[in-house]
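Please take a moment with the sequence and the model below before reading on. The paragraphs after it are meant to be read with the structure open beside them.

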Protein chains: 2
Amino acid sequence: MLSSSGCRGRRLRLLNQLGDGYMVIVADPSHLLYLAGYEALPFTFRSQESAALLIFDRERAVLVGDDMAGPYLQDSQVDKVVATCWYDGLKAAPHRRSLLVESALEVLRDWKFGRVGVEMAAVPAGVLEGLRTLAPGSTMTDVSRTIRALRRAKDADELEVLGRAMAAGEAAHAAILREARPGMTELEAYQIVRTAAERSLGQPAIVYGDFVSGPRIATEKGGPPTNRRIEKGDLLLVDFSVKVGGYRGDFTNTFAVGGQVTAEIRSLYKACLEALAAGEQVLRPGTLARQVDQAVRASFRANGLEPHFTTHTGHGLGLGHPESPYLVSGSDETLVEGDVIAIEPGLYIPGTAGMRIERNYLITAAGYRTLSNHKLQVEQ
Amino acid sequence: MLSSSGCRGRRLRLLNQLGDGYMVIVADPSHLLYLAGYEALPFTFRSQESAALLIFDRERAVLVGDDMAGPYLQDSQVDKVVATCWYDGLKAAPHRRSLLVESALEVLRDWKFGRVGVEMAAVPAGVLEGLRTLAPGSTMTDVSRTIRALRRAKDADELEVLGRAMAAGEAAHAAILREARPGMTELEAYQIVRTAAERSLGQPAIVYGDFVSGPRIATEKGGPPTNRRIEKGDLLLVDFSVKVGGYRGDFTNTFAVGGQVTAEIRSLYKACLEALAAGEQVLRPGTLARQVDQAVRASFRANGLEPHFTTHTGHGLGLGHPESPYLVSGSDETLVEGDVIAIEPGLYIPGTAGMRIERNYLITAAGYRTLSNHKLQVEQ
């Protein structure tokens, strides 16, 4: 799903950042996707195990895995794939992760000496141990944070994948707004959301998030769905991500199931909409992340509601959750063109109501573009 | 879900196996579950990141993670949990995996010198680098394979979790046998299976496996569900696992959707049942894994069908897929009491039919006990 040119471009940016003569070893699953287009899905018996990416230079990125991950390796975007035979259906299979370490070291055997950038927080210790023996004079540098910093501004191929994830999320929001009924459990609401997302995608997907209803919203603010039955008129908060090709959107609505809301709840919901709009107004490259937080809080304050906004204002979106930039009071980050972010104002007033709304945005040179296009409405 | 005494017992077995004076560092997610009862589910925004388990001695197993994994850390079965603050909603969060490495090293700071068993295939390189600085005289031993070998014979708490996974699988098999209809897509069949499994469990679950229909069975033998529409009379192969607490059963049926089968298909299905029974007959401690394969193949051979049995005979079950013992022709493994295994005979004859059936068993002192109790029938 990520493109060959996108993955290559990201590898080049990494090498440029490190300077001349570095080879790089990557193993964080998110970064195997980011830099090599490799993703092992959890929906087949070809169960997930890590691979490793060896970036020798601009022209030689080698992805190391095993035969059980074969189809995923073949779909990756690298110069060469090494797929060791782990299980052939004829002999007992060895320890899978150890085989992977050995395979990576076999590929590294050609490499003699030099500077190595290692994702120290993810590459298995066995690879580093072996490398010290193979190339004892090498200098090792941790590149964990370097790669993470690259992830901020999204490339065109990343935005395309994010767009697919968000389209599935929009279909799922539409489905639950239409189909939620009193008497249904939160778990059943979750299943409606996921089924609609998968129908939109045409394939199974991980869908996760907050599915809470009634008084649970104000007290718990989030959490996975339970067997609680939604009563007529209960608010239902649906805040979820559909993971597609490793990327996920993340947007929210809260609405009353099978009933109308009181004037008070309508007014609280309106305050959330105003807070969201206030955050949107400052979205542009150069805005401090904490200014977005300040704008949202100021809007709630103007309505006398700030003490009830007890969750964070927003965060970056992409391969992890949450990720940079963090739209919070103490953040020292600055918005950059290409950031994809979420703003999610909410109010949590035990005894009265709990609610949250959320949209996703791309920061552009001109300001921002709204990426999520679900309906924000408090009644069905 | 795994018990405190079970996790402690497994840690003691590991320490006993290594001998006196070892401390052990574990990071493979499956083994954090196996030895510490720690599992980070993919269904919440508290997204999955690794933790690390530090087993100092018989009385001191410390699990290191961060606040976002807090609820999962609290549910774990260790002597102490260290949950570093990664994201407080007030400041931008640092690189999560690097923080984990630093947290593990902080806990290791007290430890002076000695023998260390390290899961070299899983522990991040940064932990080992740091340990070499903290305790330069230590000797490091790879324990990756040692832990894997322990996993063969299942403990009572593991069987309890496996039982929950299998009960959900049985409910899901019953649902699809009842509800599959011509015109439905494979993806919709998968959704019926998953919804029924989740209803049985009362919570979201990862359900994965082979959902293939019609001519696809003989040619592809497996694979995730597609948007192919099932036609009246098509065979539908459902071979799936419901993951519960990290463990999964894995059993299969193949049946005709909305129609009767021909005498030929009925006869092929009967041959699969006979092959399954032939495999069952040799199940007991001390049987060579390859003897199970031989028994199943001999049964197909007696029916003149062996050339069409082109998948493996079976495999162990538990935290991974597939895992030891491997019931294949070249396996050098021997069944032991406590093994949990699957036998899955199938026939793949392009132009005629494809089918597979599968049951799960516990190897007992007396022979075996069938753990999966779904219906094996070729018509609805």
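What follows goes from the overall form of one chain, through the relation between the two copies, to two individual residues.

The model is a predicted one, and chain A is a convenient place to begin. Its secondary structure comes to 11 helices and 17 strands, and along its principal axes the C-alpha trace spans about 70 × 50 × 30 Å. For 380 residues, a compact globule would have a radius of gyration near 21 Å, and the 23 Å found for chain A agrees with that expectation. Of the 380 residues in this chain, 63% are buried. When contacts in chain A between residues at least 6 apart in sequence are considered, 66% of them join residues that are at least 24 apart.

The surface and the charges of chain A can be described in similar terms. Its accessible surface comes to about 13600 Å², and carbon and sulfur atoms account for 50% of that area. Chain A carries 42 positive and 45 negative charges, and the mean positions of these two sets are 1 Å apart.

Turning to the second copy, chain B is superposed on chain A by a rotation of 180° with 0.0 Å of shift along the axis, at an RMSD of 0.0 Å. The two copies are therefore related as by a two-fold rotation axis. Within chain B, the C-alpha nearest this axis belongs to B:Ala125, and it lies 1.9 Å away from the axis. The same surface serves both copies, since 100% of the contact residues of chain B recur in chain A.

Two residues of chain A allow a more local view. A:Arg359 is found in strand β16, which covers residues 359–364. Because its relative accessibility is 24%, A:Arg359 counts as partly exposed, the buried class being reserved for values under 20%. Not counting residues up to four places away in sequence, A:Arg359 touches a set of residues that includes A:Phe251, A:Leu276, A:Glu280, A:Ile343 and A:His374. Its C-alpha is 9.6 Å from that of A:Gly314, although the two residues are 45 apart in sequence.

A:Val282, by contrast, is found in a loop, the one between α10 (263–281) and α11 (289–302). With a relative accessible area of 21%, A:Val282 is also partly exposed. Leaving aside neighbours within four places in sequence, A:Val282 is in contact with A:Thr287, A:Gln291, A:Val292 and A:Ala295. A:Thr139 is 143 residues away from A:Val282 in sequence, and the C-alpha atoms of this pair are 44 Å apart in space.

Methods
Residues are numbered from 1 along each chain as its sequence is written. Chains are lettered from A and ligands numbered from 1 in the order in which they are written. This is a predicted model: local features need pLDDT of at least 70, side-chain atom pairs count only at pLDDT 80 or more; totals for chains, interfaces and linings use all residues. Side-chain values use heavy atoms; hydrogens and water are left out. Helices (H or I, at least four residues) and strands (E, at least two) are DSSP runs, numbered from the N terminus. Buried means under 20% relative accessible area, exposed over 50%, partly exposed in between (1.4 Å probe, protein chains only). Contact means heavy atoms within 4.5 Å. The radius of gyration is taken over C-alpha atoms; the globule rule is 2.2 Å times the number of residues to the power 0.38. Accessible areas come from the Shrake-Rupley method with a 1.4 Å probe; for residues, only the protein chains shown count as cover. Lys and Arg count as positive and Asp and Glu as negative; His and the chain ends are not counted. The place of a charge is taken as NZ of Lys, CZ of Arg, CG of Asp or CD of Glu. Copies are superposed by least squares on the C-alpha atoms of residues with pLDDT of at least 70 in both.
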